[in-house]
Amino acid sequence: MATTEISVDRSDYVKRRDWRPFRIGIYYVFVIPLLLIWLVPIFMTLLTSVRSLDDITLNGPFSWPTSIELQNFSDAWTQGGLSHYMRNSFIVTIPALVICLSLASLGAFALARFRFKGNLFIYFTFVGGSLLPFQILMLPVYRLSNTLHLYDTYWALIVFHGAFQIGFCTFVLRNFIRTIPGEIFDAARIDGASEFRIYRQHVLPLTLPAIAALATLEFTWIFNDYLWALILVQRDKLKPVTTGLASLRGEYIQAYNIQFAGTLIAVIPTIVLFIFLQRYFIQGLTMGSGK
Amino acid sequence: MAQTTLPAAAAGAEARRKPAWRNTNRLTPYLFLILPIALYSMWVIGPMLYSVWMGFTNSDGISQQDFIGLDNYQRLVKDDIFWTSFYNNVRWLIAFITVPIAAGLSLALMLNNDLPGTRFFKAGFFSPMVLSSVVIGVIWTWMYQPYGLINELLAKLGREGMPIGFLADPNLVTWSIIGAALWRQTGYVMLLYLAGLKNVDQTLVEASLVDGASRWRAFKDIVLPMLQPVTVIIVVISIIDALRSFDLVNIMTRGGPFNQSNVLAQMMYIEAFNNYNMGYGAAIATILALISIVFIFVYLRRMLRDELEY
């Protein structure tokens, strides 16, 4: 009797069957308001984005909108330039994603499956590099992109993100490949398969879950990048949605409704991705945090 | 893990018996690695080293780049903006290793159950993490305005007098920006702790409770020590993130007013790309990187220890 009493008390740690209705009630009464407060900035953004400017100045941020102005969204999309900023973000993100994932998966295979001189050193260089503050790379990367005539083109961003993200992707994929049982490789080797065939026919399909997780995460990171877009792309025509949004903000300084409509449009891709691929996203992040 | 290392060793033994195998084996890893290494060296490792060199020059990005020894560093030590920025980075760092860890751990403990709706709550607390820093900057700048969300709310709650200048008051501005950053960081830390809690052996906790340990003691003496490895990783990652802080400062205040919210990364950006003091900027970047590298090494050393355990 006493034991059940106590284990009921430990509700935080134990499984659902041990929860008493009372405690469950407390849990919801506490968590739901907390979450609502946590998300206030997002609700207010939603609310403000559909209001007219007069309504905002007249009634302050806390009143209900007097009218729903969907016009704000089309203004941000067309005049604000969000339509091409969005397009640019996709043009940059997708090829960069392909570059970093494919190259990292090749490298990760070698680092996970072969014993050779410098293995750990190379692996640690990839991991360490991915943790550097960006400022240490800024000036040389800016120059290099100038020298190679990539500066102020999509390619500057594609190549840089593609290269930089190899570090983190190699880290995650290498650790993932190491969990694949070695028998699979040995069997293939005995059958006379070349190492590249082993990689393509056995490793690649098995690492797909990890690649999916990484792709979701990396998509968000590259899509949300602000700093490199600031440094490597000048022309408004080529700006991705992050620096684009910053310019839109400069144009519509006090027009929070337009700014917020633009903001909401800008977050749609990553939010949609997060909603549908949440599991992968979270896996990607926790895989990266070590064991 | 032994499972995977044993066959690998066996494969190595087999390779030793057959010379032809060994030959292919020796080159193959490098063939797989050549492209990633080439690209990474060109855009990450090379630039890092080149920055260090630039820090010893007077480069202005156009006409000159002469070696001037430690001049940039001597100038830095006397530069008030450098010390303000450095001090602000320390504030970021302290905030990042305290608030998100306490709040993230509390959230994780609270949400570590499978009641209906919990998945959704987790996603909710975590959602700021998928927003870009520009989006967070735009939203929070508006919230901090004199007639923005927070001031209006305080007024509604009965606060009187002038609105608080969250982004204008030199004493407040850095903390205000950090506030926005914490909103994002906390969900991330929560997630890492939730992953960490999965590895905590529940039977141990339950056993201690059966033995009459208090709820707090079970947490302090069993759960917390088991979370220690995760905590170390989180602290190191948080420090590295705090040193990287740039986007929000650049978007919300550009380091103002009067550099009071400046951080090293933003100072470097202004020196290098606004004032064209590229040599000086590179020196700031080098200092920033050196501080980070200390913590990156802590992180890598931990990883190395795990590696050698295999």
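Which residues have the most contacts inside the largest nonpolar core? In this predicted model, they are L157(A), F160(A) and Y193(B). The core holds 175 residues. Helix α6 of chain A, residues 82-113, supplies the largest share of this core, with 16 residues. In soluble globular proteins, nonpolar side chains tend to be buried together.

One of the three residues named above, Y193(B), was examined further. Beyond its neighbours within four places in sequence, Y193(B) is in contact with five residues of chain B. These are G104(B), L105(B), A108(B), L227(B) and V230(B).

The contact between the two chains was examined next. On one side, 88 residues of chain A take part, and on the other, 86 residues of chain B. Helix α15 of chain A, spanning residues 256-288, gives twelve residues to the chain A side, the largest share. By residue class, the chain A side contains 53 nonpolar residues, 23 polar residues and twelve charged residues.

Chain A is divided into two domains. Domain 1 covers residues 2-71, and domain 2 covers residues 75-288. Their C-alpha centres are 33 Å apart. Across the boundary between them, ten residues of domain 1 of chain A are in contact with eight residues of domain 2 of chain A. Two elements of chain A, α3 (40-49) and α4 (53-59), each give two or more residues to the domain 1 side. The largest share, four residues, comes from α3(A). The domain 1 side of this contact divides into three nonpolar, five polar and two charged residues.

Confidence varies along chain A. The mean pLDDT of the chain is 87, and 92% of its residues reach 70 or more. Among its elements, helix α9 of chain A (residues 154-164) has the highest mean pLDDT, 97. The lowest mean, 42, belongs to helix α1 of chain A (residues 2-9). The pLDDT is below 50 over residues 1-11 of chain A. In the model, this stretch nevertheless has 17 contacts beyond near neighbours in sequence.

Chain B also has two domains. Domain 1 of chain B runs over residues 1-52. Domain 2 of chain B is made of two segments, 81-276 and 285-309. The centres of the two domains of chain B, taken over C-alpha atoms, are separated by 37 Å.

The secondary structure of chain B consists of 14 helices and zero strands. From the N terminus on, each element in the run is thus an α element. The C-alpha atoms of chain B fill a box of roughly 80 × 70 × 30 Å along the principal axes. The radius of gyration of chain B is 25 Å, whereas a compact globule of 310 residues would have a value near 19 Å. Of the 310 residues of chain B, 46% count as buried. Contacts distant in sequence were also counted. Among contacts in chain B between residues at least 6 apart in sequence, 66% join residues at least 24 apart.

A single position in chain B, T118(B), was also considered. T118(B) lies in helix α5 of chain B, which spans residues 118-126. Is T118(B) buried, partly exposed or exposed? T118(B) counts as partly exposed because it has 17 C-beta neighbours inside 10 Å, whereas a buried residue needs 20 or more and an exposed one has 12 or fewer. Leaving out residues up to four places away in sequence, T118(B) touches L111(B) and N113(B).

Terms used
Residues numbered from 1 in each chain as written. Chains lettered and ligands numbered in written order. Domains from an automatic or database assignment. Contact = placed C-beta atoms within 7 Å. Nonpolar A, V, L, I, M, F, W, Y, C, P; charged D, E, K, R; others polar. pLDDT = per-residue confidence, 0-100. Rg over C-alpha atoms; globule rule 2.2 N^0.38 Å. Core = buried A, V, L, I, M, F, W, Y, C linked by C-beta atoms within 7 Å.
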